[in-house]
Amino acid sequence: MFKPIHLVPAGTRINFMRPHKIAFIISVIMILGSFALVFTKGLNFGIDFAGGVIMEVKSSTPVADLASMRSELDNLELGEIALQEFGAPDIVLIRIPQQEGGEVATQAAVAKVKESLGSDWQYRRTESVGPKVGDELKSSAVWASIFAMLGIMAYIWFRYEWQFGINAVLALFHDCVTTVGFFALTGLEFNLTTVAAVLTIAGYSVNDTVVIYDRIRYDLRRYKKMPLSQLINQALNETLARTTVTSGLTLLSVLALAIWGGEAMRGFSIAMIWGILIGTYSTICVASPMLLYMNIRNIGSDKGKTAEVEAQA
């Protein structure tokens with residue numbers, strides 16, 4: 001018979017709480033750095049937010065000559081046109097910036113590009129997004145993120161106590177902000193797919209946090225005299241196997257998506273990889289240690305007394 005494989009050996013006792021203040025400092029630096037990057041360097045907004053035209057074209061040759069294409073299209077004076085290999089060496093994604101003059105100017109720009117490239121290219125799709133639509137999508141993305149966080153806080157507040165809800169939202173804020181900062185740092189395209197990834201990260205992270213919070217609340221009722229720091233550390237170690245397996249398997253799935261999912265899923269998969277890593281970190285090093293400063297011992301004691309009274313009755 002095969003023996004079960006334990007990624008985390010039974011009886012593991014890692015002192016997660018010892019460096020928690022250092023982890024807080026690192027997290028604050030990451031958040032401030034993310035804001036600084038967004039406001040100075042900015043995000044590489046995709047056509048969803050920035051507006052403009054995106055064209056997917058296929059070359060008649062096995063490999064597209066991007067240098068030659070760039071030279072030809074720069075002569076059209078349509079602004080900074082971006083070229084990107086899209087899934088295969090003979091497929092190119094052309095991004096044309098928003099043109100002054102509305103829809104007429106946009107169509108004229110597309111016609112100029114087609115005329116410049118000639119008939120040796122197959123034009124697979126052309127998408128256009130106006131500046132007004134882009135601004136509306138930006139606003140919708142921001143509000144979606146805010147409402148998601150408020151909904152999560154309300155659920156945890158109802159399910160546990162307000163201290164747990166506030167800590168969970170702070171951890172979510174940490175995860176979402178650092179993910180946006182990661183995109184600002186790397187220059188990867190930020191579009192609606194990325195926003196979907198950020199919201200997915202929020203859901204994934206809070207799921208992990210709730211599991212540990214549930215263990216902490218359970219231990220608060222069992223060990224009324226145990227020091228809070230030791231109790232939180234024990235809860236983290238008791239759920240470490242679950243955290244490792246869940247995060248590891250999810251990471252493997254997203255890695256497969258990043259490798260074989262194609263260019264269209266690249267931004268989503270990279271955001272998810274970062275989100276899994278930063279979400280696991282924030283659950284263990286941010287959301288749980290912050291409970292030290294939220295006076296949760298009285299909560300656990302009150303509930304423990306209530307449970308004892310009900311049992312005696």
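The lining of the largest pocket in this predicted model draws on many parts of the chain: at least two residues each are supplied by the strands β1 (44-45), β2 (52-59), β3 (82-85), β4 (91-96) and β5 (121-129), and by the helices α2 (47-50), α7 (192-222) and α10 (266-287). The volume of this largest pocket is about 740 Å³, and among the 32 residues that line it, those closest to its centre are G46, I47, R95, E189 and N191. By character, the residues of this lining divide into 14 nonpolar, ten polar and eight charged.

Where does the largest pocket lie with respect to domain 1 and domain 2? Domain 1 is made of residues 20-44 together with 134-305, while domain 2 covers residues 52-129, and because both of them give residues to the lining, the largest pocket lies between the two domains.

A second pocket can be followed in the same way. The second largest pocket holds about 600 Å³ of space, and 21 residues line it, of which V142, S145, C176, V180 and F190 are the closest to its centre. The elements that contribute two or more residues to the lining of this second largest pocket are α1 (20-40), α5 (131-159), α6 (162-186) and α7, and the largest share, six residues, comes from α5. As for the character of this lining, its residues divide into 17 nonpolar, three polar and one charged. Helix α7 thus appears in the description of both pockets, since α7 supplies at least two residues to the lining of the largest pocket and two or more to that of the second largest.

From the pockets the reader can turn to the packing of helices, beginning with α7 itself. Helix α7 packs with helix α8, which spans residues 228-238, at an angle of about 130°, and the axes of the two helices are 9 Å apart. An angle that is neither under 35 degrees, nor over 145, nor from 65 to 115 counts as oblique, and α7 and α8 are therefore oblique to each other. The crossing in which α7 passes α8 is right-handed.

Another pair of helices to look at is α3, residues 66-74, and α4, residues 102-117, whose axes come within 10 Å and cross at roughly 130°. That crossing angle makes α3 oblique to α4, and the handedness of the crossing of α3 and α4 is right-handed.

Conventions. Residues are numbered from 1 along each chain as its sequence is written. This is a predicted model: local features need pLDDT of at least 70, side-chain atom pairs count only at pLDDT 80 or more; totals for chains, interfaces and linings use all residues. Side-chain values use heavy atoms; hydrogens and water are left out. On a 1 Å grid over the protein atoms alone, a cavity is a set of points where a 1.4 Å probe fits but cannot get out, and a pocket is an open set with protein on both sides within 12 Å along at least five of seven lines; lining residues have an atom within 4 Å of a point. Grid points are joined across faces, edges and corners, and a volume is the space filled by probe spheres set on the points. Helices (H or I, at least four residues) and strands (E, at least two) are DSSP runs, numbered from the N terminus. Ala, Val, Leu, Ile, Met, Phe, Trp, Tyr, Cys and Pro count as nonpolar, Asp, Glu, Lys and Arg as charged, and the others, Gly among them, as polar. Domain bounds come from an automatic or database domain assignment. Axes are lines fitted to C-alpha atoms, for helices over the stretch in contact, and angles run from 0 to 180 degrees between N-to-C directions. A crossing is left-handed if the near helix is turned anticlockwise from the far one by less than a right angle, and right-handed if clockwise.
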